[in-house]
Amino acid sequence: MITIITEHWGELLSGLGYTLGSSVIALIGSLVIGTVFALMEISTYKWVRGIGRTYVEIIRNIPLLVITMGFYVIVPTFFVKIDGFTAGTIGLMIYTSAFIAETIRAGIEAVSTGQMEGARSVGLTYSQAMIHIILPQAVKMVIPPLGNQFINLVKNSSVLAFVAGFDLMYQGKIIASTTFNTFDTYLAVGVFYLIITMPLSYLMRYLEKKWVTA
Amino acid sequence: MQEFLNAYSWVNLRFLLDGLWVTIEVSVVSIIFSFIIGTLLGLGRYVQVKYFSAIVGFIIDIIRNLPLLLILFFTYFSLPSIGIRLSVVPASIVAMTIFESAMLAEIVRSGISAVATGQMEAARSNGLTYLQAMRYIVMPQAFRKMIPPIVSQFISLVKDTSLATIILLPDLTEHAQIIYGQNVNYVIPMFVALAAIYFVVNFVLSQASRWLEKRLSRSKIN
Amino acid sequence: MKRRLRLLLPILLLGLAVILSSCGANVAKQDALQNAKADKTIVWGVKADTRLFGLMDIKTGKIKGFEIDLADALTKQILGKDATATMVQVTSDTRVPLLKAGNIDAVIATMTITPDRKKVLDFTNSYFNAGQSLLVKKGSAIKSVKDLKQGTKVIGVQGSNSVDNIKKVAPDATVLQLSDYAQAFTALKSGQGDALTTDNGILYGMSQQDPNYVVVGGSFTQEPYGIAVNKGQTNFVKALNKALAELRANGDYKKLVDKWFGDIPGFDAKEVS
């Protein structure tokens, strides 16, 4: 394993870069999309709620691989040219946004009972109450689950290997098929993933404990 | 439009259904195994046996933090070097079971922890043994709490079987890929079919769990 | 009671681990020929995504192609008419690990004999002489490997040596590696790359499937295909070479070449055999 790491240091590191890059971009994007759909899901208008619900239900029940591959082969054929990294990252973003929408909706609902009426009765508008009262509290509540979503994103970004997205798993597959040393290569790739995900998951567990008891 | 409909010829549909059958087979067997092993592991981590729980916990954490794709590669390509040789369907089942057991163990552990404190002491002080308290007081409540996360984990499992196409598991996704690999006009129809079939299977699963949840909470009130 | 649970759990889990770990023994080191003779079966790793060589027939769910027929003929030649050839689907990426793992006895999957591979595997004599070439959309500006300049994207397949070759002859082009030929061709057709490179036999199969794509520039390498077995399976290699020579002598080999490649324009049966 050590020889794989030292001999293919460059490829592994660049793969790690693509993995992290894709995960971070997808996290930011899916936070935006997810928040929009979470707000739609708790809207006072029935049809807006309907759209939000439908989006979340559909995306949650389709495999990430199907969404990603779909973007990779369908979008360039009919719309714009996007490469594997872009297609994979958009796929990750869309897929994760459904889960983030659920997380944020649950957070808002946990906070908002009573609080919203209280804020409104003091004379705040709906959006003022949302921005100043509800969302800040909801954010604290959703940070640990969002951290866990980020860990999932890092793991899930391995689907980029299916669409030539230059990520860690893609590099690992190529190293394995040129060195024929499958065992050591995947061991090394595993270590690289764990370096990111393990500390993060312990941090999230710590935050969960701290904020739940606080 | 004609091309679009041609994609859903009887021959192609039957080939897709063959793949769906493999998806369901692998999912169901993995769900059963990972439910049993995950519960045991979760209990093992909760019970706090010296060293043992710590080691189990650490292994669970490692597996939970690795991509499933990597675990698939390992079971198919690397386990043979320690003498475990599996063909593609059992290899997929073993990989899914390893990964999902670790996920379920965590759900079970946190489910029990959420219920256990207080309840356990109350039960013990009423004269129940540890096992009795676990069996009659803690587990039923914890289980009810765990149903939603467990079911969403199972839905993940069904979706995740599609990743096993990387080791050529002849599942729904792989069969769709074979069909559109042979005729470019079938790309979109096949993705539509894939999305629709996975959606139906998983939506039915999630509705069934909602029904189960409602039934259980009603029985609690009665 | 708590103690009993504490004892029970480790024992249960340990038992599980033992059951799991006892379900296999190492056969990669055993004599593959002896094993094949004992159960009258050879397990072949074959392609299922490569037209002409090995392609999944959606109607029957069986793989068909030149290599499948050849594997079948070789099995019967070595083990007798009542022997069975079992086909296991592989890709360029999975064939070596599966062979080394002992999941399959031999690989007959458009695999070029190369010095690198010879370090870890044993090969038979060549059964097909391919050469690497390019597949592009009809009317493309790319006419040969010389046109693969900076900014062009070439699609290849993970684990194939055509990827290494193209990096040597066209170092400026970006190489995208997909997991199998079906995915690679789909990617080319969706415009993810400007050209697809691999051996001409495979490319002719793609061009036959979709005539909007053509093979250009002729071959720029020699790619002799061999059957791969595990390192040290000398008896097995000898038996396969003998059977191959017999099939060539009795005309069966030529029949198979004509059956699969006879009607392909631009393809010279003499050149490949």
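This report covers two helices and a nonpolar surface patch in chain B, then the overall make-up of chain C. The model is predicted.

**Chain B: an enclosed helix**

Helix H7 of chain B spans residues 172–182, and eleven of its eleven residues are buried, so the helix is largely enclosed by the rest of the structure. The buried residues run from B:Leu172, B:Thr173 and B:Glu174 through B:His175, B:Ala176 and B:Gln177. B:Ile178, B:Ile179, B:Tyr180, B:Gly181 and B:Gln182 are buried too.

**Chain B: a nonpolar patch**

Elsewhere in chain B, a nonpolar patch of about 650 Å² lies on the surface. Its members are B:Trp21, B:Ile24, B:Val28, B:Ile32, B:Phe35, B:Ile36 and B:Phe143. Helix H2 of chain B, residues 10–47, gives the largest share of the patch, with six residues. An α-helix has 3.6 residues a turn, so residues three or four places apart point the same way. One of the patch residues is B:Val28, which sits in helix H2 of chain B. B:Val28 has a relative accessible area of 42% and is therefore partly exposed, as this value falls between the 20% limit for buried and the 50% limit for exposed residues.

**Chain C: overall figures**

The secondary structure of chain C consists of eleven helices and 13 strands. Further values for this chain are tabulated below.

| Property of chain C | Value |
|---|---|
| Buried residues | 56% of 273 residues |
| Contacts joining residues at least 24 apart, among those between residues at least 6 apart in sequence | 70% |
| Exposed area | about 11,800 Å² |
| Share of exposed area from carbon and sulfur atoms | 54% |

Key:
Residues are numbered from 1 along each chain as its sequence is written. Chains are lettered from A and ligands numbered from 1 in the order in which they are written. This is a predicted model: local features need pLDDT of at least 70, side-chain atom pairs count only at pLDDT 80 or more; totals for chains, interfaces and linings use all residues. Side-chain values use heavy atoms; hydrogens and water are left out. Buried means under 20% relative accessible area, exposed over 50%, partly exposed in between (1.4 Å probe, protein chains only). Helices (H or I, at least four residues) and strands (E, at least two) are DSSP runs, numbered from the N terminus. Contact means heavy atoms within 4.5 Å. Accessible areas come from the Shrake-Rupley method with a 1.4 Å probe; for residues, only the protein chains shown count as cover. Patches are made of residues with over 30% relative accessible area and no salt bridge: like charges are joined within 9 Å, nonpolar side chains (Val, Leu, Ile, Met, Phe, Trp, Tyr) within 5 Å. A salt bridge is a side-chain nitrogen of Lys or Arg within 4 Å of a carboxyl oxygen of Asp or Glu.
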